Amino acid sequence: MKEVWTTLASMMGVWAFSQSLLQVVFPPEIRFAILKIIHRICNWFSAYCYYDITEIDGVNTNELYNAVQLYLSSYACVTGNRLSLTRGLNSSNITFGLSNNDSLIDAFNGIKVHWEHVVTPRNSQTFSWRPLPEEKRGFLLRAKKKDKSVVLGAYLDFVMEKANEIRRKNQDRLLYTNSRGGSLDSRGHPWESVPFKHPSTFETLAMDPQKKAEIMADLLDFANGESFYQRTGRAWKRGYLLFGPPGTGKSSMIAAMANFLGYDIYDLELTEVHTNSELRKLLMKTSSKSIIVIEDIDCSINLTNRKNNSSNSSSYNVSPPGSGGVGCGGGSNSEDGGGNTITLSGLLNFTDGLWSCCGSERIFVFTTNHIEKLDPALLRSGRMDMHIHMSYSSFAALKILLKNYLGYSEDDVEKELLDQLEQVMWRAEMTPADISEVLIKNRRNKDKAVWELLEALKTRAERNDKKSNNNAGKSKENNTIEDEEQVKRALLVESPKEGGDELQEKCDKEKGHEVNDDEKANTKR
């Protein structure tokens, strides 16, 4: 036994001496070249090929990584022995996934592939343009060389299609908002998200049924129109402008659109975006099958109609109301007051420029209470393709609200009461929010709720009639005064110069003004 240990010690000494001798004789460059040649020889004789799918591809998130993660999560929950279970805040589903550095085998059309979830610590960096995660994540796919064409073609397409199907069925839709001041999270994303659980649907939306059917048909045509947009050479996007008084259901319409199509929502807060470059970066970080929303665009930024603006500049800054921002030709800038320097050109390119084509299957939705305040360039077709007027409640919308809040159909309400509601409805000009408040307040007594609603409608209608009569009387009085002024001006023009001063004095007395002697002398001269 002693001889064995002596021999082993001698061999270890020879090995250490040989290793040190090789490091001295052969420089690192030669050793690296030899290892590279050996690696190539091994790959040449190996029956397998390997593919790395990293989480981050340059500055963007790798969509293939997300798809593989989602696909393997459904497969791992059945075949995997070691799983990573997660559940997001306010989420209703538990997500399954491969644990760090764990693997599983998948089969497709008789072909077996090997997946491994590789997680390694990232080397510390002294300088970085944006924060990077502490770990490098990715999937390693191993397949036989003879199956290479199938794996890179049909199999990966199957993985993407399956992931999209799982995402639509099981994954919670998300509501995103841009981070304050354009800051990034640990993964380099400028968006923060929460699960989207708004219950609004087109069935519960208080709107004319015919108009709802038109919107739903347009949305379906868009979602199923990939081949159409490719054939016509258009970017696969569509814009909707929702305008009307407050309380008419613009936000509920957006939620109904998202629930109808199964899209995520990106709620863009323009007052937190300082430059056009930040706006483009936010657009680049949005995913496909999403709705990008800018609510109350006439209030969030100072974006007025250029025809009503005395400035002759075609490109100008837009700033939050009250910030004192001015146009491009003005003196104030973000360097002085920290204001917003988004230009109209940047916002137009965001919706209909080259940067708007960096993704596919996106919907842009703008909402406003005053459409006349927006610049016409923002409203034209190609940017806002469909303008939807969210008006006051009609009788058809009222019947939907009665069904939603009271469970009443048209047959459950007395015909005489329905007739009174229909007659007063168009004069009352009540929004769905106002009507809903009356019904919610009296929902425990359904009959009382309907009668209370009728009284509220009558009160509002009487108020509107009185206001209309007052406005009509003022308008008539103003027209009469204007007519008299025009007659007086005509008499002044047609009268001879000798009597001009007397007619002028008479007109001034009728207006209640006094004419002094100097003005008379100047008039005679």
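How many bridges join strand β11 to β16, and in which sense do the two strands run? Seven bridges link β11 (residues 237-243) with β16, and the two run parallel. The structure is a predicted model in which local features need pLDDT of at least 70 and side-chain atom pairs count only at pLDDT 80 or more, whereas totals for chains, interfaces and linings use all residues. Residues are numbered from 1 along each chain as its sequence is written, and side-chain values use heavy atoms, with hydrogens and water left out.

The chain contains 18 helices and 17 strands; these elements are DSSP runs (helices H or I, at least four residues; strands E, at least two) numbered from the N terminus. Of its 525 residues, 34% count as buried, where buried denotes under 20% relative accessible area, exposed over 50%, and partly exposed the range in between (1.4 Å probe, protein chains only). About 32,300 Å² of the chain is exposed, and carbon and sulfur atoms supply 52% of this area; accessible areas come from the Shrake-Rupley method with a 1.4 Å probe, and for residues only the protein chains shown count as cover. Among contacts (heavy atoms within 4.5 Å) between residues at least 6 apart in sequence, 68% join residues at least 24 apart.

Strand β16 (residues 362-368) has seven of its seven residues buried and is therefore largely enclosed by the rest of the structure. Both of its faces are covered: Arg362, Phe364, Phe366 and Thr368 are buried on one side, and Ile363, Val365 and Thr367 on the other. In the pairing with β11, arginine 238 stands opposite isoleucine 363 of β16. Strand β13 (residues 290-294) also pairs with β16 in the parallel sense, over five bridges, and here valine 293 faces valine 365 of β16. Pairing of two strands requires that DSSP finds at least two bridges between them.

An open sheet is formed by four strands in the order β1-β8-β7-β6, with antiparallel pairing. Strands β1 (48-54) and β6 (103-108) stand at the edges with a single partner strand each, so one side of each is left without a neighbour in the sheet. Neighbouring strands of this sheet are turned by 25° against each other on average, direction ignored; axes are lines fitted to C-alpha atoms, for helices over the stretch in contact, and angles run from 0 to 180 degrees between N-to-C directions. Within the sheet, β7 (residues 111-121) and β8 (residues 135-144) run antiparallel and are joined by eight bridges, and histidine 117 stands opposite phenylalanine 139 in β8.

Phenylalanine 108 is found in strand β6 and is buried, with a relative accessible area of 13%. Not counting residues up to four places away in sequence, phenylalanine 108 touches Val150, Ala154, Tyr155 and Phe158. The C-alpha atoms of phenylalanine 108 and valine 150 are separated by 9.3 Å, the two residues being 42 apart along the chain.

A nonpolar patch of about 960 Å² lies on the surface and is made by Phe17, Leu21, Leu22, Val24, Val25, Phe26, Ile30, Ile34, Leu35 and Ile38. Patches are made of residues with over 30% relative accessible area and no salt bridge, like charges being joined within 9 Å and nonpolar side chains (Val, Leu, Ile, Met, Phe, Trp, Tyr) within 5 Å; a salt bridge is a side-chain nitrogen of Lys or Arg within 4 Å of a carboxyl oxygen of Asp or Glu. Helices α1 (2-25) and α2 (28-45) each supply at least two of the patch residues, and the largest share, five residues, comes from α1. Valine 24 lies in α1 and is exposed, with a relative accessible area of 69%.
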